[in-house]
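Hello,

Here is the structure I said I would pass on. My notes on the sheet and on one pair of helices follow below it.

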Amino acid sequence: MEQRLTEAMSQIRILPDAIANKIAAGEVVERPASVVKELVENALDAGAKSIRVETESGGKRLIRVIDDGCGMNHDDALLAFERHATSKLRAAEDLLSIATLGFRGEALPTIAAISRLVLETRTADEEQGMRVEFAGGKLVSVKPAGLPEGTSIAVHDIFYCVPARRKFLKSETTELGHIASLVTHYALAHPEKHFVLKTPSQEIVNVAPVERLADRVYQLFGQEALAELLEIPPAEGPVRAAITEPGLDADEESAKIRITGFTSRPEVQRANRNGTYIFVNRRLVRDRLLLHAITEAYRNITPMGVFPAVLLFVDLPYREVDVNVHPSKVEVRFRYPQFVHDFTRDAIRNALANVRPIAGFQPGMKAPAQSSRLGMPFGGNGGTRTGISEGDGAGAAHAAGHAEWGAQTAAAAAAGAGSAPVAGPPRAAIPTSFSPGAMLEEGFESSGAPLQPLEQRLQFGAEGGTEFMAPFPGTVASAVAPGPVGAFNGEMERGGVLPRPEEISDLKPLGQVSNSFIIAVNGEGLWIVDQHVAHERILFEQHLRARRAGVMGGQRMLVPQVVELSPRQLATFDQIAEELRANGFETELMGPRSVAILGAPAGITSGDAERLLAEILDGIAKEAQAISIDSLQAKIAASTSCHAAIKVNTPLDSQKMEWLLAELSKAEYPMSCPHGRPVVLRYTVREIERAFKRI
């Protein structure tokens, strides 16, 4: 019995340090880029002004990081390879206010455990430095050496003693792409420092110190990428707790948050989030909260499923953010997350309010030659730009697919990427032959039986007015005031300047196509306006403005409609019932899962009220986190305006078309409907002349 108990108890044992270090390496060192990350962060924490990264075979054979930081003396150089040995923490309280990129003391011992590592370092007050060599976690040699001030760490043959891990590494091009992406991240976060990334055959990154972030963006990505970005005006304010968050402590009253950076213009759209860089206190992070804030800032401006390119810098007191929540320190937790979310969203939204481009209807254009160094960080590989055709790198980074901007840069440079035209937005084209058959093949519609208009949900009065908030000419003036007008100042040879909102203020309507699209002209050229989404944008902005000014009135229904809600819809209804009432809905519970609709917002017919309520409840239920009051109001306004707007296949006379175009020119965001679809396309005089071979 005792023997069995002893055998049972002996199943658990303390692992040797060598095995423990290799397990820790699995968390810290995922690939060569992970080694570069840890060593570059150590260099930055050491106060380095210049950081040089050298690699061979995508980092598999060699990674060398050289810096001019403070260096280490003999004792510190040896102690640094002990687990959890660090100079950045003294007490447990320090974990609550971490100001350095590294702090756990795990990087060097875990890297040394899975590679052959050579450390060379010297401090300013020592005449000679130290050279320390490890192999597979074992100390091989320690000897003095004549060295410059700073530190150099060379990591040879990563995972050479862990073959199972080494075989999971990707191709050399892919691994180099991840390293280039990482160096790009830290070069953006620290424009005041010099960064170099080299391979035996090429220099991928070499950026000198600059004062402004815009200059660093230009160094890394070029003028074209910089022109596609809007600077986020520095937004600074005191930290405040949201309604659902605990109040501030006495020592937090003076805490402030600051948001800076760049965000892409609404017409610059990507198919993924690879163009999003988020830095919290200059630390690169992947934070769902801030990603959601960016998405909310672009809500009702860009379509769902596309993403902007963003360089976002969030600075706040160290005690307000916890960075010790992830093994690789790429996730953070904010003490007041809802406040940070809303403050970030509003800062980006204010930047977008200063530019309101309208999509161009561009003819085919020649794709520009691609810089072999940049690799199309914004437009290529999944990004599109409304009205502008894009170039696309044909090198190894495109094949890798997962590398970000910096990864595309490295792979394009490594493979000598060329450029090739890719499919852009719809382009105006002249039919090859002028016959009814050819026109149908080209997508034009020959005259035939007129389409039957859909049921008119917006009733026009005898004087041209509507029953919704947006009056037509002859009634009370619109409450929408012209917003700030911003021009697209990034003029490019290939795309020209996008039209500005004031350019549609003098449009003269000619008629309709299929009773759905308004054809208009002015001195700029030919314009096509989607009447439904144009009216939807006008109503959306008026609805939001009226709601934020107070409670909106509705219209009583002659016969109440009883709606059966699903359990999820019912839960959402309980949460937003008060806001629904403030937006013109009048409802009453009629049973466990039944709701009677007694009144609906102005402009909504009885047949639409039920569908509108279900659409609002279903849309809000899909939110992954608690929705803010601004987002809730915007969702309700978007759904209401869509149901109340002029429908397709609705004939309009010239007076109503003129009113619609005039009101659209006053909109804050006339380029897209609340769901992100384009409102206006322009075909300039120059493009018409080019199509007719006059120029």
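Strands β3 (residues 116–122) and β4 (residues 129–135) run antiparallel and are joined by six bridges. One pairing to look at is T121, whose bridge partner in β4 is M130. Please keep in mind that this is a predicted model.

The two strands belong to an open sheet of eight, ordered β5-β4-β3-β6-β2-β1-β7-β8, with mixed pairing. At the edges stand β5 (138–145) and β8 (202–207); each has a single partner strand, so one side of each is left without a neighbour in the sheet. From one strand to the next, the twist averages 10 degrees.

Further along the order, β2 takes part in two antiparallel pairings that I checked:

- β2 (residues 62–67) with β1: six bridges, antiparallel. V53 has V65 in β2 as its bridge partner.
- β2 with β6 (residues 150–156): six bridges, antiparallel. Here D67 is partnered by T151 in β6.

β1 and β2 form a hairpin with five residues between the strands. S57 in this hairpin takes a positive phi near 55 degrees.

As background, strands of a sheet pair through backbone hydrogen bonds, either parallel or antiparallel.

Now to the helices. Which strands does α7 lie across? They are β1 (50–56), β7 (194–199) and β8, and the helix runs at about 170 degrees to β7. β8 is thus mentioned twice in these notes, as an edge strand of the sheet and as one of the strands under discussion for α7.

α7 (residues 172–189) also packs with another helix, α8 (residues 213–221): their axes come within 9 Å and cross at roughly 155 degrees. Angles over 145 degrees count as roughly antiparallel, which makes α7 roughly antiparallel to α8. The crossing of α7 past α8 is right-handed.

Which residues make this contact? From α7 they are T184, A187 and L188, and they meet L213, R216, V217, L220 and F221 in α8. By class, the residues of the contact divide into six nonpolar, one polar and one charged. The polar one is T184 and the charged one is R216.

If you open the model, I would start with the pairing of T121 and M130, then go to S57 in the hairpin of β1 and β2, and finish at the contact of α7 with α8.

Regards

Conventions. Residues are numbered from 1 along each chain as its sequence is written. This is a predicted model: local features need pLDDT of at least 70, side-chain atom pairs count only at pLDDT 80 or more; totals for chains, interfaces and linings use all residues. Side-chain values use heavy atoms; hydrogens and water are left out. Axes are lines fitted to C-alpha atoms, for helices over the stretch in contact, and angles run from 0 to 180 degrees between N-to-C directions. Helices (H or I, at least four residues) and strands (E, at least two) are DSSP runs, numbered from the N terminus. Angles under 35 degrees count as roughly parallel, over 145 as roughly antiparallel, 65 to 115 as roughly perpendicular and the rest as oblique. A crossing is left-handed if the near helix is turned anticlockwise from the far one by less than a right angle, and right-handed if clockwise. Contact means heavy atoms within 4.5 Å. Two strands pair if DSSP finds at least two bridges between them.
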